[in-house]
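The sequence and the coordinates are shown below. The text after them goes from the whole chain to its cores, and from there to the surface.

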Amino acid sequence: MKSMRPLLTIVVPCYNEQEVLKDTITQLSSVLDDLRKEELISASSKILFVDDGSKDRTWSLIAMESTINSYVTGLKLSCNVGHQKALLAGLEKAKSKSDCVISIDADLQDDVSVIRSFLLKYHEGDEIVYGVRDSRETDTFFKRNTALCFYRLMQKLNINLIYNHADYRLMSKRAIEELSRYKEADLFLRGIVPLIGFNSSNVTYSRKKRLAGETKYPLKKMISFAFNGLTSFSVVPIRAFTLLGCLLFFISVMTGCYAFIQKLLGNTSIGWTSLMISIWLLGAIQLISIGVIGEYIGKIFIEVKKRPPYAIDIDLYTERLGVSTCAEESLLTKEEFN
């Protein structure tokens, strides 16, 4: 049975977020204050900032704020491992002490006011609650349309993604424990989380513009992220090139028959241009095919080494949460005694 006042941890992956961090802390602390007053969460609930090897003052701001704000705590990774692995580090650390965990990006483009709706869904029995954008008006024309194409492609390939959902979600302790059983090195959490199952629901919200700083997902990373998601959940690209190879073989046979007939009829002519075009076309297709196959072989290479996805340098969460939890239990005991 779920606790009436679950211990909530909000996991916030950070990479060079010094420009937005203070405002992020203020907004999330205010949300936790309101939820605590409504008795929707435990007074020991936390905001866990995961510093993913930032090169600016992100970690020093987290450490300093943790000494004056009882909600704030931090996890410092030894080096930059990427958003998905940093998020996983926060989830796995938080599951040991939390009843439920909410993940959100540090730029707070995701509306923090719907966290209350997440908690209400959790109290109703949902193990996973997805934050879903009601529109993509804040995105550029290019990003909006490429994202639409990506979701449609994934749907065509029978890959179960929540449309317009990023990494803003609530997961129960049980759901995160199941997530921890997925030992993939190339993480694509948006595809893995729906595989867990359990009761789930969606909460829609309007996405805001970034407060300050630069996006951590430029075009190059977006393409890499999308391709990683595609190759992590489907072998269709390899099969597509196999079918293309079969089609080209059929065309080659037909062209050969046509050339042989023309030879018999004496209608042959020198065709240097057509020959070179054919060579370049087939060469390009072969290189692309080898590249796609190599991508899958590379994934196998990474997976079989079974390297740990991250290394923790400093852990403020475990030590400080243990103290605050003991204090709350002591307070409850006194109240019950009185």
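What follows describes a predicted model.

The protein chain is built from eleven helices and eight strands. Of its 338 residues, 42% are buried. Its accessible surface is about 18800 Å², and carbon and sulfur atoms account for 61% of that area. Contacts in the chain between residues at least 6 apart in sequence are mostly long-range, since 84% of them join residues at least 24 apart.

The interior comes next. In soluble globular proteins, nonpolar side chains tend to be buried together. The largest nonpolar core in this model has 36 residues, and Ile10 and Ile115 touch the most other members. At least two residues of this core come from each of β1 (8-14), α1, β2 (46-51), α2 (58-66), β4 (100-103), α4, β6 and β7 (200-205). The most is given by α1, which supplies six residues. Ile115 is in contact with Ile10, Leu28, Val31, Leu35, Ile102 and Tyr168, leaving aside residues up to four places away in sequence. There is also a second, separate core of 27 residues, and Val50, Leu75, Tyr130 and Ile162 are among them.

Ile102, one of the contacts of Ile115, is in strand β4. Is Ile102 buried or exposed? Its relative accessibility is 0%, so Ile102 counts as buried. Beyond the residues up to four places away in sequence, Ile102 touches Leu8, Thr9, Ile10 and Val11, then Ile115, Phe118 and Leu119, and finally Tyr168, Arg169 and Leu170. For Ile102 and Leu170, the C-alpha atoms are 4.3 Å apart, although 68 residues separate the two along the chain.

Helix α3 (residues 83-94) is another covered element, with ten of its twelve residues buried. The buried residues include polar and charged side chains as well as nonpolar ones: His83, Gln84 and Lys93 are in the list, as are Leu87, Leu88 and Leu91. From its first C-alpha to its last, α3 reaches 16 Å, close to the 16 Å expected at 1.5 Å a residue.

Charged pairs are the next topic. Side chains of opposite charge can pair when their charged atoms come close. How many salt bridges does the structure hold? There are seven salt bridges, and three of them are described here, beginning with a pair inside one helix. Arg36 and Asp33 form a salt bridge in which the closest N and O atoms are 3.3 Å apart. Both residues belong to helix α1 (residues 21-37) and are three residues apart, about one turn of the helix. Arg36 has a relative accessibility of 33% and therefore counts as partly exposed. Asp33, at 26%, is also partly exposed.

The side chains of Lys76 and Asp313 form another salt bridge, at 3.7 Å from N to O. Lys76 is in strand β3 (residues 72-77) and Asp313 is in strand β8 (residues 312-315), so this pair ties together parts that are 237 residues apart in sequence. Asp313 is partly exposed, because its relative accessibility is 47%.

Arg174 and Glu127 make a further salt bridge, with 3.3 Å between the closest N and O atoms. Arg174 lies in helix α6 (residues 173-179), whereas Glu127 lies in the loop between α4 (115-123) and β5 (128-133), so the pair ties together parts that are 47 residues apart in sequence. The two partners differ in exposure: Arg174 is partly exposed at 43% relative accessible area, while Glu127 counts as buried at 12%.

Two sites with partly exposed residues remain. Leu247, Phe250, Ile251 and Met254 make a nonpolar surface patch of about 400 Å². Leu247 is in helix α9 (residues 236-265), and its relative accessibility of 46% means that Leu247 counts as partly exposed.

The other site is Asn160, in the loop between α5 (141-156) and β6 (165-172). Asn160 is partly exposed, with a relative accessible area of 45%. Which residues does Asn160 touch, not counting residues up to four places away in sequence? The contacts are Arg190, Gly191 and Pro194. Asn160 and Arg190 are 30 residues apart in sequence, and their C-alpha atoms are 8.9 Å apart in space.

Note on methods:
Residues are numbered from 1 along each chain as its sequence is written. This is a predicted model: local features need pLDDT of at least 70, side-chain atom pairs count only at pLDDT 80 or more; totals for chains, interfaces and linings use all residues. Side-chain values use heavy atoms; hydrogens and water are left out. Helices (H or I, at least four residues) and strands (E, at least two) are DSSP runs, numbered from the N terminus. Buried means under 20% relative accessible area, exposed over 50%, partly exposed in between (1.4 Å probe, protein chains only). Contact means heavy atoms within 4.5 Å. The expected span of a helix is 1.5 Å times one less than its number of residues. Patches are made of residues with over 30% relative accessible area and no salt bridge: like charges are joined within 9 Å, nonpolar side chains (Val, Leu, Ile, Met, Phe, Trp, Tyr) within 5 Å. Accessible areas come from the Shrake-Rupley method with a 1.4 Å probe; for residues, only the protein chains shown count as cover. A salt bridge is a side-chain nitrogen of Lys or Arg within 4 Å of a carboxyl oxygen of Asp or Glu. A nonpolar core is a set of buried Ala, Val, Leu, Ile, Met, Phe, Trp, Tyr and Cys residues joined through side-chain atoms within 4.5 Å.
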